Amino acid sequence: MAQLVELRSIDVVPDEERHGTAFSQFTLWLGANLQSTAVVTGALAVVFGGDVVWSVTGLLLGNLLGGAVMALHSAQGPKLGLPQMIQSRAQFGVRGAVVPLLLVIVMYVGFFASGSVLAGQAVGELTHTDDTTGIVVFAAVTAVMATAGYRVIHALGRIASIVCALAFVYLAVRLLDRADTSALLHDAHFSLPMFLLAMSLSASWQLAFGPYVADYSRYLPRTTSTKATFWWTLSGSALGSQWSMTFGVLVAATAGETFLDSQVGYVVALGGTGLAASFFSFVIALGKLTVNVLNTYGGFMSMVTSVSGFRGQRRLSRAGRAAYIGLVMVAGTAVALLGKDSFLSSFKDFLLFLLTFFTPWSAINLVDYYLISKERYDLAALADPQGRYGAWRWDALAVYAAGLLAQLPFLATGFYTGPLVDPLGGADISWIVGLAVPALLYWLVARRNTMAGPTPERGASPSAVEPAAP
């Protein structure tokens, strides 16, 4: 019988433990995106001034572009058998990778918190308690499932993809029955800043999955097609998020203040009353559970990667695993409880803030993996600060910093607006700059500073690189 509770953490998955097909990425990412926070993300495009037609179009373009970047990360998993962020050691050094890792951990805690706010409302409705109790109960269930690990996470994704898809079809029918769709579709007034805001919201949503997407493809057999992994990941993530975000656009355009006052309450009431209301509270909680388990698991992996870069540890006891996951849960729950009353007003800025830090990382990682290293890494050296990748790669860290700075003139958030935003009519194009500038700079730097030693063969044997358990 297959091991239900995962034993591995950031160590390489050997071939004999690989299993599944690329289609598993479709169900996982479809289920992870058919959920309430994605609905709110789509609604923000209208809340901040967009119309239905161009908001939906902008969201679609952002989901496809950001989703393609995210899916390219997913395709790395089967080839290397490693979690996503440990691969950053090839670009930033075994210890230098801690710089983006610390920012990734902040992201996981933030998304855990934002998801817990909405799920807490649903759990509170379901259990006839309050939001605070709902947040705490939801966080505890999330931690238990994240501790179980990979197989349980994929099983949860399969269940959520079916249940949430059926629920969202029904909710869409109910919503369209109430809405004057003809009026909404004819009220189209293109505004470049609002269009780019919609693109940025959905692109940031997709790019935020990049730092952990390979965590959930790394158990696939090494022979799994790169194209299959890419397309199934992109299809599931883009379809699920666009479905949810389009629903959010229509809700915000038709419900207005009613939706803003209680996002979860409105969606639950749309589904019906009595048992129907309880079912849709459950659906909201299930969708949020799926993605929050990903956030918790990713946070735990990132913490282990950060610590192991300095300690050399590659495996954890079950108690250690539970302790790391507990830290993510406690931090995320604390943020959720502190920010639950100002959720909507701060969520847009949080998304765009994250985008600023992760687009340069994505650009550097993808250029290095696909263009410089040609999908070949010396896996043993990823754990050795004295090896070919070194402890700190200052050239890559400098490119990363340059990528951050290049975005600032184009960035528009509630707490900072760059000097080039107004000349562009208020449009935020920082994420486009954040992908292009570091990609070009890193390619130039890496081409000049070719790593010493022969290029490692594709698919190095896990047994040759996996250290003994401490």
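# Notebook: cores, a helix and two salt bridges

I started with the largest nonpolar core: it has 117 residues, and within it Trp 29 and Phe 247 touch the most other members. I then asked which helix gives the most to this core. That is helix α14, residues 275-311, with 15 residues. I keep in mind that this is a predicted model.

**Trp 29.** I listed what Trp 29 touches, leaving out residues up to four places away in sequence. Its partners include the aromatics Phe 209, Tyr 212 and Tyr 216. Met 70, Val 213 and Leu 294 are also among them, and so are Thr 233, Gly 236 and Ser 237.

I also noted a second, separate core, this one of 8 residues. Leu 196, Ala 363, Trp 431 and Leu 435 are included in it.

**Val 293.** Back to α14, where Val 293 lies. Is Val 293 buried or exposed? I get 1% relative accessibility, so I put Val 293 down as buried. Looking beyond four places in sequence, I find Val 293 touching Thr 142, Met 145, Ala 146, Ile 153 and Leu 156. I also checked Val 293 against Ala 322: they sit 29 residues apart in sequence, and their C-alpha atoms are 13 Å apart in space.

**Helix α6.** Next I took α6, residues 98-127, and checked its length. Its 30 residues at 1.5 Å each should span 44 Å, and I get 41 Å between the end C-alpha atoms, so the two agree. Where does α6 bend? I find the bend at Val 117, about 25°. The helix is mostly covered, with 23 of its 30 residues buried. Just after α6 comes His 128, and I noted its positive phi of about 55°.

**Gly 20.** I moved to the segment before α1 (23-33), where Gly 20 is found. Gly 20 has 45% relative accessibility, so I count this glycine as partly exposed; the class runs between 20% and 50%. What does Gly 20 contact once neighbours within four places in sequence are set aside? I find Leu 220 and Pro 221. I also took the C-alpha distance from Gly 20 to Thr 224: 9.3 Å in space, against 204 residues in sequence.

**Salt bridges.** How many salt bridges does the structure hold? I count 2.

One is between Arg 222 and Asp 15, with the closest N and O atoms 2.9 Å apart. Arg 222 sits in the loop between α10 (192-207) and α11 (226-255), while Asp 15 is in the segment before α1, so this pair ties together parts 207 residues apart in sequence. I looked up accessibility for both partners. Arg 222 is at 17%, so it counts as buried. Asp 15 has a relative accessible area of 41% and is partly exposed.

I also have a salt bridge between the side chains of Arg 393 and Asp 395, at 3.2 Å from N to O. Here Arg 393 comes out at 12% relative accessibility, so I wrote it down as buried. For Asp 395 I have 23%, so this aspartate counts as partly exposed; the cut-off for buried is under 20%.

Terms used: Residues numbered from 1 in each chain as written. Predicted model: local features only at pLDDT ≥ 70, side-chain atom pairs only at ≥ 80, totals over all residues. Heavy atoms only, no water. Core = buried A, V, L, I, M, F, W, Y, C linked by side-chain atoms within 4.5 Å. Buried < 20%, exposed > 50% of the residue type's maximum accessible area, 1.4 Å probe, protein only. Helix = DSSP H or I, 4+ residues; strand = E, 2+ residues; numbered from the N terminus. Contact = heavy atoms within 4.5 Å. Expected span 1.5 Å × (residues − 1). Bend = angle between axes of the 7 residues up to and from the residue. Salt bridge = Lys/Arg side-chain N within 4 Å of Asp/Glu carboxyl O.
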